[in-house]
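Good morning, and thank you for making time on the agenda. I would like to walk through one structure with you, chain by chain, and finish with the contact between the chains.

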Amino acid sequence: MTDLLSANHISVYRDGKTILEDVSLSIGKQDFITIIGPNGAGKSMLLKCMMGFYAPSRGDVARREGLKIGYVPQRLVADHTVPIRVRRFLTLRKRAAKDALMKVAAETAIEEILDQPIHVLSGGELQRVLLARALLDDPDLLVLDEPAQNLDVTGQLAFYKLIEKIYAERDVSILMVSHDLHLVMSSTREVVCLYHHICCHGEPSMVTRDPEFISLFGNDMARLMAVYNHSHDHDHNLDEAAPLHDHGHSHDHEHMEKLDG
Amino acid sequence: MVDDFILRALAAGIGVALIAGPLGCFVVWRRMAYFGDSLAHSALLGIALGLLYGININLGTVIVCAAFALLLVWLQQRRVLATDTLLGILAHAALSIGMVALSFLNNVSFDLYSYLFGDILTVRISDLYWIYGGGLMVIGLLILNWSSLTLMTLHEDLARAEGVNTVWANILLMLLMTIVVAVSIRIVGILLITSMLIIPAATARQLVTSPESMAIWAAVFGLIAVIAGISGSVEFDTPSGPSIVTAAAIMFALFSTFAVVRRRA
């Protein structure tokens, strides 16, 4: 098996709603996959299932034996009641040699703040610290859950540049959930568009050529989904959280071509 | 010449302070103060059952408090009501049932006041076994799970991603608090147990920059409060629990003032 991590036909039903319906996704070596989709599309749930935090109602998640995953959460709410410095936070539950720590600190540009308490750090610094923690074990796969959501635009750009650099320099696969597709377009290799089921997936270069697509993406995910609807034979009703339609066909490439033309 | 009962009380109080301080850090970090209070209230039911059925009161308290904690976890999973509502219901129900049960007891020597506020005269040698036995267990489990619990406190999903069983870790914290509540009743009393967990930890927070030093300083401050409080209690014939907590509160006030002054300077 060459896949590092794969979800096989997973479905999640909760409180009578369909959160995920028959989603399959696999991450191989050197993959860089970004999951996009509107709020409530089930992106976080998919990630939770893939990380093993949540057991899907149907289907299963396969993980290559001995796979090391570095997880970067959406944000760390640095609580001032917990006195902890960056250096100690990085080594909680981890045994890292000093030079390994310094190497990762240099990679993520946090050398200057190693001795600061985490509750005084800025949002961008905190995300870099979380990234550094994820990199300390030298992971095979980085999983990032909307890692730049709480940063300003400059911060987002810088953070994604850093991810790109790490992807280029390390032997690591990346699975990321992101709202900011216009910012990750240049680095990600594959985009998976999720709305309870996988609507489409493919190389971003195929879609980036369409300026309308990009402008829609930045502003309103819901409108993006509407763009898709034109080339579909099924409807996404955004007011209903759970479309329970039958969906046995593959239409990925069809989309891309229509958007290209 | 110091009386035996004072030595027993001091030994008991020191044991309580040494475990309550480090565990209290998690109570402060994870905002479990109300949980601690509720747990302590439910201890009265344990005492009542202990007296009614003639089982050891410490054991009765551990059983009732552990049942209380597990019932709470189960109710929380159902996600219908908020945790503080559930705690309010469970705590007051247990307290009331405990009081009703105690009223059936025709024991003239029963002194409710001493259970509510602690009484050093009631400390027996067997209580010391409970405190130090339970205490060693609490400290051992805390040290073993320290990094995991701290990471979970900072970020639950991050801990889970790195292999911490967070459900189990949460239950562990609750059970450790159960033990602390059970062994602290003699010294500080049901109503004041939470303060032994939070005041020394809150005092320590103002001086430290690492979670480990906060735990150590919390134990130290607890220790000073216990020694000062019990000495005062003997000297002025005041109830031990309130005397200890008064000492702890004075220390907290001093260090808070000190911290404010230092920041201004």
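**Helices and sheets in two chains**

I begin with helix H1 of chain A, residues 43-51, which lies across strands E1, E2 and E4 of chain A and runs at about 125° to E1(A). Please keep in mind throughout that this is a predicted model.

The strands under that helix belong to an open sheet of three, in the order E2-E1-E4 in chain A, with antiparallel pairing. Strand E2 (17-27) and strand E4 (58-63) of chain A are the edge strands; each has a single partner, so one side of each is left without a neighbour in the sheet. On average, neighbouring strands of this sheet are turned by 15° against each other, direction ignored. Looking at one pairing in detail, strand E1 of chain A, residues 5-14, is joined to E4(A) by five bridges in the antiparallel sense. Within that pairing, A:Leu5 has A:Arg63 of E4(A) as its bridge partner.

Let me now turn to the other sheet of chain A. This one is an open sheet of six strands with mixed pairing, and its order is E5-E6-E7-E3-E8-E9 in chain A. Which strands stand at its edges? They are strand E5 (69-72) and E9 of chain A; each pairs with a single strand, so one side of each has no neighbour in the sheet. From one strand to the next, the twist averages 15°.

Helix H1(A) appears again here. H1(A) packs on this sheet, where it touches E3, E5, strand E6 (141-145), strand E7 (173-177) and E8 of chain A. The direction of H1(A) makes about 145° with that of E6(A). A further helix, H4 of chain A, residues 123-135, lies across E5 and E6 of chain A and runs at about 170° to E5(A).

Within the six-stranded sheet, I would draw your attention to strand E8 of chain A, residues 190-195. Is this strand mostly covered or mostly open? Strand E8(A) is mostly covered, with five of its six residues buried. On one pairing, strand E3 of chain A, residues 32-36, meets E8(A) in the parallel sense over four bridges. There, A:Ile33 has A:Glu190 as its bridge partner in E8(A), and A:Thr34 stands opposite A:Val191. As a reminder, side chains in a regular strand alternate between the two faces of the sheet.

E8(A) also pairs with strand E9 of chain A, residues 197-202, through five bridges, and these two strands run antiparallel. A:Tyr195 stands opposite A:His197 in E9(A). The two strands form a hairpin with one residue between them, and A:His196 adopts a positive phi near 70° there.

For chain A overall, the inventory is 10 helices and nine strands. Of its 261 residues, 37% count as buried. Among contacts in chain A between residues at least 6 apart in sequence, 71% join residues at least 24 apart.

I now move to chain B. How many helices and strands does chain B have? Chain B has 11 helices and zero strands, so its pattern along the sequence is written entirely with α. Its C-alpha trace spans about 55 × 50 × 30 Å along the principal axes. The radius of gyration of chain B is 18 Å, which agrees with the value near 18 Å for a compact globule of 265 residues. Buried residues account for 47% of those 265 residues. Of the contacts in chain B with a separation of 6 or more, 74% come from residues 24 or more positions apart.

Next, the interior. The largest nonpolar core has 146 residues, and those touching the most other members are B:Val16, B:Leu23, B:Ala43, B:Val180 and B:Ala201. Helix H1 of chain B, residues 4-29, gives the largest share of this core, 13 residues. Leaving aside residues up to four places away in sequence, B:Ala201 touches B:Gly21, B:Gly24, B:Cys25, B:Val27, B:Val28, B:Met214 and B:Ala218.

Finally, the contact between the chains. Chain A provides 16 residues and chain B provides 20 residues. On the side of chain A that touches chain B, the residues divide into 11 nonpolar, one polar and four charged.

Thank you; I would be glad to take questions.

How values were computed: Residues numbered from 1 in each chain as written. Chains lettered and ligands numbered in written order. Predicted model: local features only at pLDDT ≥ 70, side-chain atom pairs only at ≥ 80, totals over all residues. Rg over C-alpha atoms; globule rule 2.2 N^0.38 Å. Buried ≥ 20, exposed ≤ 12 C-beta atoms within 10 Å, placed from the backbone. Contact = placed C-beta atoms within 7 Å. Nonpolar A, V, L, I, M, F, W, Y, C, P; charged D, E, K, R; others polar. Pairing = 2+ DSSP bridges. Axes fitted to C-alpha atoms, helices over the stretch in contact; angles between N-to-C directions. Core = buried A, V, L, I, M, F, W, Y, C linked by C-beta atoms within 7 Å.
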